[in-house]
Each structure stands twice: as structure tokens, then as C-alpha cells.
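This briefing covers surface, fold, overall dimensions and one terminal residue.

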Amino acid sequence: MCTKDIISEFYNLNLAKAENQSMALNLFHKDSEIHWNSSKGIAHLDHDGFATMLKGIEESFFSFTYKISHLFANGDKGVVRYTIYGTTIEEPEIAIPLGHFISILEVKEDQIYKVFQISQEADEQILNMSFF
């Protein structure tokens, strides 16, 4: 599978569903690393840390999906720009924008190996949402 397809497959999953979480974990290399710069600080996750994060998503959201605006790949590297939307268990019909992200990904052995991402909290201002 090509890099763009691997990245696309991951970002098309609803991570609030347990069956999709196992698929997501299989898309990540056992030695994967996620380096995340957010408005709250810096986080580093390995494969186990990613699994723990997925469990928290399952417990907190009815759905957790991505809306991709840009996806580029060249060789074993790719870049994706997206917004994450979540629906809560209390209000499953209302998708709330949670954050805007840009991620640089490296694929190794047909799995996501390294992720370097930066995020900003989403707001619902028309101008901000129109860029995504």
C-alpha cells in the first residue's frame, strides 16, 4: 500500500469505535512515535501511549472523526491538514470541532512510524472554519 493510502486509511476511521481503534493500532508501527505540539504544551507518545489515548477517546466520545482539507505524500513521508470533530454521548447529533491540525507522517514497513503534529483548539467562528 502506498504512503498516501495508509495515511488516508487512518484519518478515515471513527476513533470512538472500539473496532476502529484496533484497526488504527494495526496501522501504527510497534516502534511508532507521536510528537505533538499543542496550545497546551508538548506531548510524546509511543505505541502504548497511543493505545491509552484511544481508550480515552472511546470513553469520552460517541464519534471522533477527521475532516481532511489537504493530504500530500512523497515516498515514505506525508503531510495532512485536518480538523477533528467529536460528538458526545449526551449529544450524538451535534458534531463539535475540537481542533485544527497539521501532521507530518513517516511510514515504515507499510505502517505509520513517526508523527510530528501541531494543533490549535478549534472555534466556531465562520472565518476560522472556512479555512478548513
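The accessible surface of the protein comes to about 7,500 Å² (Shrake-Rupley method, 1.4 Å probe, with only the protein chains shown counting as cover for residues). Carbon and sulfur atoms hold 56% of that surface. This is a predicted model, in which local features need pLDDT of at least 70, side-chain atom pairs count only at pLDDT 80 or more, and totals for chains, interfaces and linings use all residues. Residues are numbered from 1 along each chain as its sequence is written, and side-chain values use heavy atoms, leaving out hydrogens and water.

**Fold**
- The protein has four helices and six strands (DSSP runs: H or I of at least four residues, and E of at least two, numbered from the N terminus).
- Their pattern along the sequence is α-α-β-β-α-β-β-β-β-α.

**Dimensions and packing**
- The C-alpha trace spans about 40 × 30 × 30 Å along its principal axes.
- Of the 132 residues, 38% are buried (under 20% relative accessible area, 1.4 Å probe, protein chains only).
- Among contacts (heavy atoms within 4.5 Å) between residues at least 6 apart in sequence, 51% join residues at least 24 apart.

**Met-1**
- Met-1 lies in the segment before helix H1 (3–11).
- Met-1 counts as exposed (over 50%) because its relative accessibility is 57%.
- Leaving aside residues up to four places away in sequence, Met-1 touches Ile-6, Glu-9 and Asp-110.
- Met-1 and Ala-73 are 72 residues apart along the chain, and their C-alpha atoms are separated by 12 Å.
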